[in-house]
Amino acid sequence: LFMDNEKENITLASKKNAKFSIKMAAVIFIIISCCAFLLYLSIGAFLIQELDLLTFNLPWAVSGAKDGLFSIYLLEEPGVDYPPIFPTLLSVFGVPLIYFYSIGIWPVIMLLLKFWPIFFFVLLAVVIFFLLRKESLILAILGGTLWLVNPTAAVNCVWWGQADCLFCFFL
């Protein structure tokens with residue numbers, strides 16, 4: 001009788017520790033993700049990349065904010081070959097972009113144009129964490145963190161401001 005009660009107490013204690021470790025792992029990973037997000041935003045703001053961002057993303061954002069969301073599909077130059085989700089998100093920052101472009105504050109312009117790609121880049125790491133957490137908490141933290149230091153995806157979002165991670169998120 002005493003042995004059964006002791007086994008039950010051990011089982012209950014291990015379940016409590018398992019719940020605590022899931023919460024602790026989630027807190028650790030959320031801290032890592034927030035730090036990565038702020039770091040990548042800071043870096044992205046000072047990496048001025050004019051080719052795609054000023055040729056495509058800026059006109060899409062401004063047109064969407066000024067003339068309505070689907071007006072970007074009427075633009076002859078630059079043409080839009082993206083689904084509406086990315087230009088829609090860009091148009092959220094259209095009005096501030098017009099202002100900061102008129103006074104030439106490039107770090108803010110870059111920050112606003114790269115915000116959504118960096119946001120979804122980090123959000124994909126959170127998805128990886130939650131998908132792997134059932135296998136192993138260490139594997140979940142490692143998998144999500146490895147995505148956050150993935151140089152290809154980081155350069156794609158932080159330097160180029162490309163929306164590939166946004167579309168991967170919705171897969």
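Let me begin with helix α2 and the residues it buries. In this predicted model, the buried residues of α2 are Asp-52, Leu-53, Leu-54, Asn-57, Leu-58, Trp-60, Ala-61, Val-62, Ser-63 and Gly-64. What covers them? The cover over the buried residues of α2 includes three helices: α3, residues 85-91; α4, residues 94-103; and α5, residues 106-132.

The geometry of α2 deserves a moment. The helix runs over residues 51-67, and at 1.5 Å a residue its 17 residues should span 24 Å; the end C-alpha atoms are 24 Å apart, so the expected and computed values agree. Where does α2 have a kink? There is one of about 30 degrees at Asn-57, shortly before the proline Pro-59. Asn-57 is also on the list of buried residues that I read out a moment ago. Just after the helix, Gly-68 takes a positive phi of about 100 degrees.

Now let me step back to the chain as a whole. It has eight helices and zero strands, and along the sequence the pattern reads α-α-α-α-α-α-α-α. Of its 171 residues, 39% count as buried. Turning to contacts, if we take those with a separation of 6 or more, residues 24 or more positions apart account for 68% of them. As for the surface, the chain exposes about 10100 Å², and carbon and sulfur atoms supply 72% of that area.

Next, helix α1, which covers residues 2-46 and includes Ile-28. Is Ile-28 buried or exposed, or does it fall in between? Its relative accessibility is 37%, and it therefore counts as partly exposed, the range between the 20% and 50% cut-offs. Ile-28 joins Met-24, Val-27 and Ile-31 in a nonpolar surface patch of about 330 Å².

Ser-33 lies in α1 as well. With a relative accessible area of 4%, Ser-33 is buried. Which residues does Ser-33 touch, once those up to four places away in sequence are set aside? They are Val-122, Val-126 and Leu-148.

Following the chain onward, we come to Ile-48, in the loop between α1 and α2. Ile-48 counts as partly exposed because its relative accessibility is 39%. Leaving aside neighbours within four places in sequence, Ile-48 is in contact with Trp-106, Met-110 and Trp-159. In addition, the C-alpha atoms of Ile-48 and Pro-107 are separated by 7.4 Å, although their positions lie 59 residues apart along the chain in the sense of sequence separation.

My last residue is Trp-116, in helix α5. Its relative accessible area is 15%, so Trp-116 is buried, given that the cut-off is under 20%. Trp-116 touches Leu-89, Leu-90 and Phe-93, again not counting residues up to four places away in sequence. How far apart are the C-alpha atoms of Trp-116 and Leu-166? They are separated by 7.6 Å, and the two residues are 50 residues apart along the chain.

To close, let me return to two points. Helix α2 has its kink at Asn-57, and the cover of its buried residues includes α3, α4 and α5. In α1, Ser-33 is buried, whereas Ile-28 is partly exposed. Thank you for your attention.

Terms used: Residues numbered from 1 in each chain as written. Predicted model: local features only at pLDDT ≥ 70, side-chain atom pairs only at ≥ 80, totals over all residues. Heavy atoms only, no water. Patch = residues over 30% accessible without salt bridge, like charges linked within 9 Å, V, L, I, M, F, W, Y side chains within 5 Å. Areas by Shrake-Rupley, 256 points an atom, 1.4 Å probe, with all protein chains shown as cover. Salt bridge = Lys/Arg side-chain N within 4 Å of Asp/Glu carboxyl O. Helix = DSSP H or I, 4+ residues; strand = E, 2+ residues; numbered from the N terminus. Buried < 20%, exposed > 50% of the residue type's maximum accessible area, 1.4 Å probe, protein only. Expected span 1.5 Å × (residues − 1). Bend = angle between axes of the 7 residues up to and from the residue. Contact = heavy atoms within 4.5 Å.
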